Amino acid sequence: MGVITYSQEFKSAVAPLRMFKALILDSHNIIPKIVPESIKSVEFIEGDGGVGSIKKTNFAESSPIKYTKHKIDALDVDNCYSKYTLIESGVQFEKIDFVVYEVKFVAADSGCVCKMTSEYHAKEGCELKEDDIKQGKDKALGLVKSIEEYLLVNPDVCA
């Protein structure tokens, strides 16, 4: 089983803790409001949002993926850090067994830098190429940008 790791960073004008709250701690409330055309709901099916909790994201009818389930592996609010694993999806991936994500927000200038790392674990005998995962990476970055825009327009949210 091979592992492909992708890291990406982007700057945001939003403070680290606000981005962390919106994307990680309060995502079940915030994300469906911001992108209802893509995500219908986010709910905890196990736990209360702490380490070991399982979060289910239900996508809009038009999405080829109906849902995903992520298990929270690590959560450090003081350092705006989270690690979680995609453990199940409503669509069977041909080449991907599971994906581990790490997200950290670091203060920079008057906002932050978001550092995201994704580890794609290939199924036995499969080889992953960047094209196999590009669409998921692009959607994740688009979601982060949508949240940033929402927080900039709504300064009281996640303050």
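Which residue in β5 does lysine 69 stand opposite? I went to the predicted model for this one, and the partner of lysine 69 turns out to be glutamate 88.

**The β4/β5 pair.** I looked up how these two strands are joined, and found eight bridges between β4 and β5, running antiparallel. For orientation I noted that β4 covers residues 67-76 and β5 covers residues 81-89.

**The whole sheet.** Next I traced the strand order. I get an open sheet of seven strands, reading β1-β7-β6-β5-β4-β3-β2, with antiparallel pairing. At the edges sit β1 (3-12) and β2 (39-46), each of which pairs on one side only. I also checked the twist: on average, neighbouring strands are turned by 20° against each other, direction ignored.

**Helices on the sheet.** I followed helix α1 (residues 16-25), which packs on the sheet and touches β1, β3 (54-59), β4, β5, β6 (96-108) and β7 (111-122). The direction of α1 makes about 155° with that of β6. Helix α2 (residues 27-34) packs on the sheet as well, touching β2 and β3, and its direction makes about 165° with that of β2.

**How enclosed is α1?** I went through its residues and found seven of the 10 buried, so α1 is largely enclosed by the rest of the structure. The buried ones in α1 are Pro16, Arg18, Met19, Phe20, Ala22, Leu23 and Ile24. I jotted down that Arg18 is on that list.

**Isoleucine 72.** Back in β4, I picked isoleucine 72. Buried or exposed? I have isoleucine 72 down as buried, because its relative accessible area is 9% and the cut-off for buried is under 20%. Not counting residues up to four places away in sequence, isoleucine 72 touches Phe44, Gly49, Gly50, Val51, Gly52, Ser53, Lys83 and Tyr84. I also took a C-alpha separation: isoleucine 72 and lysine 55 are 17 residues apart along the chain, with 7.8 Å between their C-alpha atoms.

**Threonine 85.** Over in β5, I turned to threonine 85. This residue is buried too, with a relative accessible area of 11%. Which side chain does threonine 85 meet in a polar contact? I found aspartate 73, with 2.5 Å for the contact between the two side chains. Leaving aside neighbours within four places in sequence, I listed the contacts of threonine 85 as Lys69, His70, Lys71, Asp73, Phe98, Val99 and Val100. So my opening residue, lysine 69, shows up again here, as one of the contacts of threonine 85.

Key:
Residues numbered from 1 in each chain as written. Predicted model: local features only at pLDDT ≥ 70, side-chain atom pairs only at ≥ 80, totals over all residues. Heavy atoms only, no water. Helix = DSSP H or I, 4+ residues; strand = E, 2+ residues; numbered from the N terminus. Buried < 20%, exposed > 50% of the residue type's maximum accessible area, 1.4 Å probe, protein only. Contact = heavy atoms within 4.5 Å. Polar contact = N/O pair within 3.5 Å; in protein donor to acceptor, adjacent residues only side chain to side chain. Pairing = 2+ DSSP bridges. Axes fitted to C-alpha atoms, helices over the stretch in contact; angles between N-to-C directions.
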